[in-house]
Amino acid sequence: MNYNPWTFKDEKKWRNLLVQPEARYWFCEAFNGTFVGVHAHWSKFNVGGVGFTDYMKEHRFQGWLVGAGVSIGHQWILSNRFSLEVSIGLGYAYMDFETYPCDVCGTKISDNTKHYIGPTKAALSLIYIIK
């Protein structure tokens, strides 16, 4: 689960709630070594004034997405209580969102749906094991 309630300076915002459960198959032993997995994802988002293009930086997007994907990763045991894990996933997402002309104001420009295929997960995790 991931929750980001951030509002940055200049009224930029990146707010989202993400749920992304995953089932894994470990090749050697559980929680050690290489694994493959399948994951599902659902998110509700409200993002404005941030992005990779000028269009994304000048607009706000509010909506939800749902999808699924596959992943691969590796976990290293560092000690009795700590592990380090890296994983990456590819998949599909269906997005349903509204577009607004600026990050916090304005009348809705459009209703949109989009099909996305590409990276759906990237993680570097430091894990503490509770015994």
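## A walk from the surface patch to the aromatic cluster

Start on the outside of this predicted model by selecting Trp-76, Leu-78, Phe-82, Leu-84, Val-86, Leu-124, Leu-126, Tyr-128 and Ile-130, which together make a nonpolar surface patch of about 950 Å². Colour strand S6 (82-100) and strand S7 (110-128) next: these are the elements that give two or more residues to the patch.

Now pick out Leu-84, which you will find in strand S6. Its relative accessible area is 30%, so Leu-84 counts as partly exposed.

Time to look at the rings. The whole structure holds eight aromatic pairs. For one of them, show Phe-45 and Phe-97: the ring centres lie 6.5 Å apart and the planes meet at 50°, so this pair is tilted. Phe-45 belongs to strand S4 (residues 33-48) and Phe-97 to strand S6, so the pair links parts of the chain 52 residues apart. Phe-45 is buried, at 13% relative accessible area, and Phe-97 is buried too, at 12%.

Keep Phe-97 on screen and add Phe-61. Here the centres are 6.0 Å apart and the planes stand at 70°, so the pair is edge-to-face. Phe-61 sits in strand S5 (residues 60-77), 36 residues away from Phe-97 in the chain, and both residues are buried. Add Tyr-55 to your selection to complete the picture: ring pairs join Phe-45, Tyr-55, Phe-61 and Phe-97 into a cluster.

Two last stops bring in arginines. Select Arg-24 with Phe-35, and you will see the charged end of Arg-24 over the ring, 4.0 Å from its centre. Then go to Tyr-100, where Arg-60 lies over the ring face at 4.1 Å from the centre.

Definitions and conventions: Residues numbered from 1 in each chain as written. Predicted model: local features only at pLDDT ≥ 70, side-chain atom pairs only at ≥ 80, totals over all residues. Heavy atoms only, no water. Patch = residues over 30% accessible without salt bridge, like charges linked within 9 Å, V, L, I, M, F, W, Y side chains within 5 Å. Areas by Shrake-Rupley, 256 points an atom, 1.4 Å probe, with all protein chains shown as cover. Salt bridge = Lys/Arg side-chain N within 4 Å of Asp/Glu carboxyl O. Helix = DSSP H or I, 4+ residues; strand = E, 2+ residues; numbered from the N terminus. Buried < 20%, exposed > 50% of the residue type's maximum accessible area, 1.4 Å probe, protein only. Phe/Tyr/Trp six-rings, centres within 6.5 Å; stacked < 30°, edge-to-face > 60°. Lys NZ or Arg CZ within 6 Å of the ring centre and 35° of its normal.
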